Structure formats: C-alpha cells, structure tokens
Amino acid sequence: MSNILTQTKDNNEGIWEHLESYCRDLAHSGNELLIMCGPASFTGEHIQNGPVLIPAHNWKIVVVVPEGSGSVLSRITPTTRVIAVDIPNIEGIRSEPWSKYAVSVNQLEALTGYHFFTALA
C-alpha cells in the first residue's frame, strides 16, 4: 500500500501519468531516479463516506541521478536535477503540463511538514 494515492480521474489518467511517463523516459535514458510522493492538504472529504480521506493535493519529488559507480548517494551533487511538483487533486487538469505545478523542495517541506534529503550534506 506504499504506492497508492487517492486521485481524481483527470489527475491519475492525465497530468500524473504524464509525469510518470517522463520519469520512465529519464530512467530509460541512463538515469537512476529516487522518487518520493504523497498526499497533502486534507479537507475532510472521504471516498464514498468511507474511512479513506481524499487529499486536496498530491506531491512528488524526483531526484535524477546519472548512472555510475558508487552508491546513488555518492553521485548526488549540488548540480543534481531535482523535480518537485504540487498538483491539485481536481478534475479539469488532465491536459495541463505537470511542469505548471513545479515548486521547490522547500515549498513541499513547508506544505507537508516533512524534511527531505536528511542523508545529504
């Protein structure tokens, strides 16, 4: 259950899928990806009156690390590409580019209360 997010149809089948496809392209072109994602900003809405809450936003962080020798952590540098998005979990965004919702990791930390990249200097 670690790879499940409650998403609207337009989010899951549109913008989120486009980002996942882009990630697959990055992986096929010689990169190792470290991906974290999750829900944020719960409004109290549940799926069909059940116990599962629906988030107002879904976020994702993708660290793009070129393949090479050594551990993936040893290959992360200050110039390593990091993609961070905060995508509203709403209908009507199916065709929007995921890049429209690019944010900084600092913004996601403020939104979620998490502190990412604790293993990095």
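Begin by selecting strands E1 and E2, which run antiparallel and are joined by twelve bridges; two strands are taken to pair if DSSP finds at least two bridges between them. Helices (H or I, at least four residues) and strands (E, at least two) are DSSP runs, numbered from the N terminus. What you have open is a predicted model, in which local features need pLDDT of at least 70 and side-chain atom pairs count only at pLDDT 80 or more, whereas totals for chains, interfaces and linings use all residues. Residues are numbered from 1 along each chain as its sequence is written, and side-chain values use heavy atoms, with hydrogens and water left out.

**Colour by confidence**

Colour the chain by pLDDT, the predictor's confidence in each residue, from 0 to 100. The mean over the chain is 90, and 97% of the residues reach 70 or more. Confidence is lowest in strand E1 (residues 31–46), where the mean is 88, and highest in strand E3 (residues 81–88), where it is 96.

**The strands**

Return to E1 and E2 and select the turn of their hairpin, which has six residues between the two strands and includes Gln48, with a positive phi of about 40°. Within the paired region, pick Pro39 and look across to Asn58 in E2, which stands opposite. Next select Ser41, which is also found in strand E1; its phi is near 60°, a positive value in a residue other than glycine. Most residues other than glycine have a negative phi. Ser41 is partly exposed, with a relative accessible area of 32%, where buried means under 20%, exposed over 50%, and partly exposed in between (1.4 Å probe, protein chains only).

Now add E3 to the selection. Strand E2 (residues 53–66) pairs with E3 in the antiparallel sense, over eight bridges, and Trp59 can be found opposite Asp86 in E3. E3 is mostly covered, since six of its eight residues are buried.

**Helix H1**

Select helix H1 (residues 9–28) and compare its length with expectation: at 1.5 Å a residue its 20 residues should span 28 Å, and the end C-alpha atoms are 27 Å apart, which agrees. The expected span is 1.5 Å times one less than the number of residues. There is nevertheless a kink of about 45° centred on Glu17, the bend at a residue being the angle between axes fitted to the seven residues ending there and the seven starting there.

Show the side chains of the buried residues of H1, among them Ile15, Trp16, Leu19, Cys23 and Leu26. The buried residues of this helix pack against E1, E2 and E3, with contact meaning heavy atoms within 4.5 Å. Just beyond, H1 is followed by Gly30, whose phi is positive, near 100°.

**Salt bridges**

Side chains of opposite charge can pair when their charged atoms come close. Here a salt bridge is a side-chain nitrogen of Lys or Arg within 4 Å of a carboxyl oxygen of Asp or Glu, and a search of the whole structure finds six of them.

Select Glu17 again, at the centre of the kink, together with Arg24: their side chains meet in a salt bridge at 2.7 Å, N to O. Arg24 is partly exposed, at a relative accessible area of 40%, and Glu17 is likewise partly exposed, at 28%.

Then select Lys60 and Glu20, which form a salt bridge whose closest N and O atoms are 3.8 Å apart. Lys60 lies in strand E2 and Glu20 in helix H1, so this pair ties together parts that are 40 residues apart in sequence. Lys60 counts as buried, at 5% relative accessibility, while Glu20, at 26%, counts as partly exposed.

Two further stops remain under this heading. Asp10, Glu13 and Arg94 are linked in a network of salt bridges, and the side chains of Lys100 and Glu96 meet in a salt bridge at 3.4 Å, N to O.

**Towards the C terminus**

Select Ser95, in the loop between E3 and helix H2 (105–112). Ser95 is exposed, with a relative accessible area of 69%. Add His18, which is 77 residues away along the chain, and the C-alpha atoms of the two are separated by 9.0 Å.

Finish with Phe117, in the segment after H2. Its phi is near 65°, a positive value in a residue other than glycine, and Phe117 is partly exposed, with a relative accessible area of 26%.
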